[in-house]
Amino acid sequence: MKQLLGHQPIEGRFRDAMQRGRMHHAWLLHGVRGIGKFALAEKLAGMLLCESGSACGECHACQMLKAESHPDVHRVGLLEKKRDISIDQVREVLDFLSLSGAEGERRVVILDQAERLNNQAANALLKGLEEPSAGSVLIMVCADAMKLPATVRSRCLMQHCSPLTENDVRTVLESKLDANIIDLAVKLADGCPGSVSCLEDDSVAKALAEWQRLVEDVTRADIGKVENWCRAHVVSVPHELIVRALLQPVYPRLQDYQGTGFEALEATHKAVKDCLRWPGEVIRQSLRASPTLLSCVLELRTALKSTD
Ligand SMILES: [Zn+2]
């Protein structure tokens, strides 16, 4: 199987549990988005079901797993256009798990986006966690474990997944992205390669690279060009990445700030906060993205100029 980067300690713990015959029946993989938690869940399922116990990727079990046709694996997650994971989906999970019987037979459920379980669904799941069927393993994936009821959390083996090192991010991205966007992508990914997966789209990658050049030194940015860029591309480039590219050159300036203008520094911090808030505000207040982004840039530019 293709090596999965960054989560070896968890793989090690899982392997250890398998070898000792002390497999916990519910694993909760939690950590920020975009670091490969779901891929890790798939790998752990592979380790359990693989004929050689190694998620080899070659054997019949691994092939079926890859094709999502393995009869002993059930995947559940948020359905399209739904706000949460429903009790019906959890009932399917419980039914699936109760089918396991034969000695030594493994059944695996991968539950993605567990933070989206609604109350009813979480309560139903709880029942399954209290009375696990022999041989069944539930692997839950969750970006924010605190959104799960404490009763669910306490019955799971919590495994925190960390962001990847810069080298690992680079390795992951090198297999997916165009060489000329890699450096920027690694910087913007900030340990989470999944957060820049949109750059696999060449037009998004080009637009973001252009944005980065435009705002590299925002105090000297050509505002006319910035405005044009906002109009043309704000819809197609993820807002979080627009902000990351905008602020990335600003942070070192703030850290190295040697000036005495306290107010100027305060204004810059406020401008940075406003930029960080912008993606959320656009959604929450249905703001028009292009002019509001432009005003963020202008606020940042004015503040930074006053620190010069
Ligand atoms: Zn295998």
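**Exercise 1. Cysteines and disulfides**

Cysteine 50 has a relative accessibility of 7%, so it counts as buried (buried means under 20% relative accessible area, exposed over 50%, partly exposed in between, with a 1.4 Å probe and protein chains only). Before you go on, note that this is a predicted model, where local features need pLDDT of at least 70, side-chain atom pairs count only at pLDDT 80 or more, and totals for chains, interfaces and linings use all residues. Residues are numbered from 1 along each chain as its sequence is written, and side-chain values use heavy atoms, with hydrogens and water left out.

Task: Is cysteine 62 buried or exposed, and how many disulfides does a search of the whole structure find?

Solution:
- Step 1. Cysteine 62 has a relative accessible area of 6%, so this residue is buried.
- Step 2. Recall that a disulfide is a covalent bond between the sulfur atoms of two cysteines. The test used here asks for a pair of cysteine sulfur atoms within 2.5 Å.
- Step 3. Searching the whole structure with that test gives zero disulfides.

**Exercise 2. Salt bridges between distant parts of the chain**

Task: Which residue forms a salt bridge with arginine 33, and which meets glutamate 42 in a salt bridge?

Solution:
- Step 1. Start with the rule: a salt bridge is a side-chain nitrogen of Lys or Arg within 4 Å of a carboxyl oxygen of Asp or Glu. The structure holds 16 of them.
- Step 2. Arginine 33 pairs with glutamate 115, and their closest N and O atoms are 3.7 Å apart. This pair links distant parts of the chain, 82 residues apart: arginine 33 sits in the loop between β1 (26-30) and α2 (37-49), glutamate 115 in the loop between β3 (107-111) and α5 (119-130). The helices (H or I, at least four residues) and strands (E, at least two) are DSSP runs, numbered from the N terminus.
- Step 3. Compare the two partners: arginine 33 is exposed at 54%, while glutamate 115 is buried at 11%.
- Step 4. Glutamate 42 meets arginine 75, with 2.6 Å from N to O. Here too distant parts of the chain are linked, helix α2 with strand β2 (residues 73-76), the two residues being 33 apart.
- Step 5. Glutamate 42 is buried, with 15% relative accessible area, and arginine 75 is partly exposed at 23%.

**Exercise 3. Another pair, and a network**

Task: What is the N to O distance between arginine 220 and aspartate 217, and which residues are linked in a network of salt bridges?

Solution:
- Step 1. The side chains of arginine 220 and aspartate 217 meet at 2.9 Å.
- Step 2. Arginine 220 is exposed at 71%, whereas aspartate 217 is partly exposed at 27%.
- Step 3. The network joins Lys270, Asp274, Arg277 and Glu299.
- Step 4. Find glutamate 299 in helix α14. With 25% relative accessibility, this residue counts as partly exposed.

**Exercise 4. Two packed helices**

Task: At what angle do helix α11 and helix α14 pack, and which hand does their crossing have?

Solution:
- Step 1. α11 (residues 239-247) and α14 (residues 289-307) pack at about 15°, their axes 12 Å apart. Axes are lines fitted to C-alpha atoms, for helices over the stretch in contact, and angles run from 0 to 180 degrees between N-to-C directions.
- Step 2. The two helices are therefore roughly parallel (under 35 degrees; over 145 is roughly antiparallel, 65 to 115 roughly perpendicular, the rest oblique).
- Step 3. The crossing of α11 past α14 is right-handed, meaning that the near helix is turned clockwise from the far one by less than a right angle.
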